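Student: I'd like a close look at one part of this protein, and then a walk through whatever else helps me place that part.

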Amino acid sequence: MRAWSALRRDPAFWVGVALAGLVVGASLAAPLLAPHDPDHAYRELMPLDGGALPPSATFPLGTDPDGRDYLSRLLFAGRATLLVGVGANLVAVLLGMVVGLVAGYAGTLRVPLPLGHHLPIPVEGFLMRVTDAALAFPALLLAVAASAVLGRSLGLVALIIAAVLWTTTARLVYGRVRTLRSAAFVVAGRALGSDTGAILRRHLLPFVLPLVLVYGALGIATTIAFEATLSFLGAGTPASDPTWGRMLAETVAWYRTDLRLPLLPGLAIALTVLAFTLVGEAARDAAEPRTQALR
């Protein structure tokens, strides 16, 4: 309640919520708001010089160079962009949370062997070395290579982004759990006979979940920007699944003759990233006031 009280007094939070609500609402309502089929090319109306049509009553934001209504494509591309951003971020957050929880609590497991011996299994060390190895590789380079090998469908791009961005959540959760695993309530739970799964679910997860939700909101902004970067480099979604990043990559060459074409998807990406960044930053400052005071 104290965090929510601080959050609702933060104007940046409400600006972020308003922007995010506008973007999400417009994208979800794309079938109702789009004036034309986003994939239909009105080539019979195109000028002979091969340029795009300017904004008009028929095409409020004009067309792209292929004769497709630009407003309709922006609305439908927003759905795909948010699907990639939210889906990739959800997978990355869940994977990072599981790895961080297990590594932070397990430490070194001692498996009993015959004759009173034990086999030490360094779960914490193994999982954190895997996390460190993943952090050591450039995420963008890994994503481009994986996209070239596995393909570029919408779902695969989301999974590839999640596979290279889970490490941040894993490190955050690991640090929080490591400080809590020797707390009195955890020791009491073990003394009362609670197994590892019960301690993780009942005692540690409630302390970790607010942190994960806060950084999850920031993660949506990161995954959307990451997808746009992949598309700009030619490793993002295919033409059959247009996103704002894909639209930007397709029209960036027109920036001198028709700035509208790259500017509109670029603005959509920037506003969406700004919206989720404002929400995430405000939530983080409200949940962790000490961090804010130290900065």
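Student: Is the crossing of H6 and H7 right-handed or left-handed?

Tutor: The crossing of H6 and H7 is right-handed; in this usage right-handed means that the near helix is turned clockwise from the far one by less than a right angle, and left-handed that it is turned anticlockwise. One caution before the details: this is a predicted model, where local features need pLDDT of at least 70 and side-chain atom pairs count only at pLDDT 80 or more, while totals for chains, interfaces and linings use all residues. Residues are numbered from 1 along each chain as its sequence is written, and side-chain values use heavy atoms, with hydrogens and water left out.

Back to your pair. Helix H6 covers residues 139-150 and helix H7 residues 154-165. Helices here are DSSP runs of H or I with at least four residues, strands are runs of E with at least two, and both are numbered from the N terminus. The axes of H6 and H7 lie 9 Å apart, at an angle of about 145°; axes are lines fitted to C-alpha atoms, for helices over the stretch in contact, and angles run from 0 to 180 degrees between N-to-C directions.

Who touches whom? From H6, Ala 139, Leu 142, Ala 143, Ala 146, Ser 147 and Leu 150 meet Leu 156, Ile 160, Val 164 and Leu 165 of H7, where contact means heavy atoms within 4.5 Å. Sorted by class, the H6 and H7 contact holds nine nonpolar residues, one polar and no charged ones. Ala, Val, Leu, Ile, Met, Phe, Trp, Tyr, Cys and Pro count as nonpolar, Asp, Glu, Lys and Arg as charged, and the others, Gly among them, as polar.

Now set that beside H4 (residues 70-106) and H5 (residues 123-136), whose axes come within 7 Å and cross at roughly 140°. That makes H4 oblique to H5, since angles under 35 degrees count as roughly parallel, over 145 as roughly antiparallel, 65 to 115 as roughly perpendicular and the rest as oblique. H4 passes H5 in a left-handed crossing. On the H4 side, Val 99, Val 102, Ala 103 and Ala 106 meet Val 123, Glu 124, Leu 127, Met 128 and Thr 131 of H5. That contact has seven nonpolar residues, one polar and one charged.

Leu 154 brings us to another spot, as one of the residues that Thr 243 touches. Thr 243 sits in the loop between helix H10 (196-232) and helix H11 (244-251). With a relative accessible area of 0%, Thr 243 is buried; buried means under 20%, exposed over 50% and partly exposed in between, using a 1.4 Å probe and protein chains only. Its side chain makes a polar contact with the side chain of Glu 227 at 2.7 Å. A polar contact is a pair of N or O atoms within 3.5 Å; within protein, one must be able to donate a hydrogen and the other to accept it, and residues adjacent in sequence count only if both atoms are side-chain atoms.

Over in H12, Thr 272 is buried as well, at 1% relative accessibility, and its contacts include Ile 224 and Trp 244.

As for the whole protein, there are 13 helices and two strands, and buried residues make up 42% of the 295.

Notes
Lists of a residue's contacts leave out its neighbours within four places in sequence.
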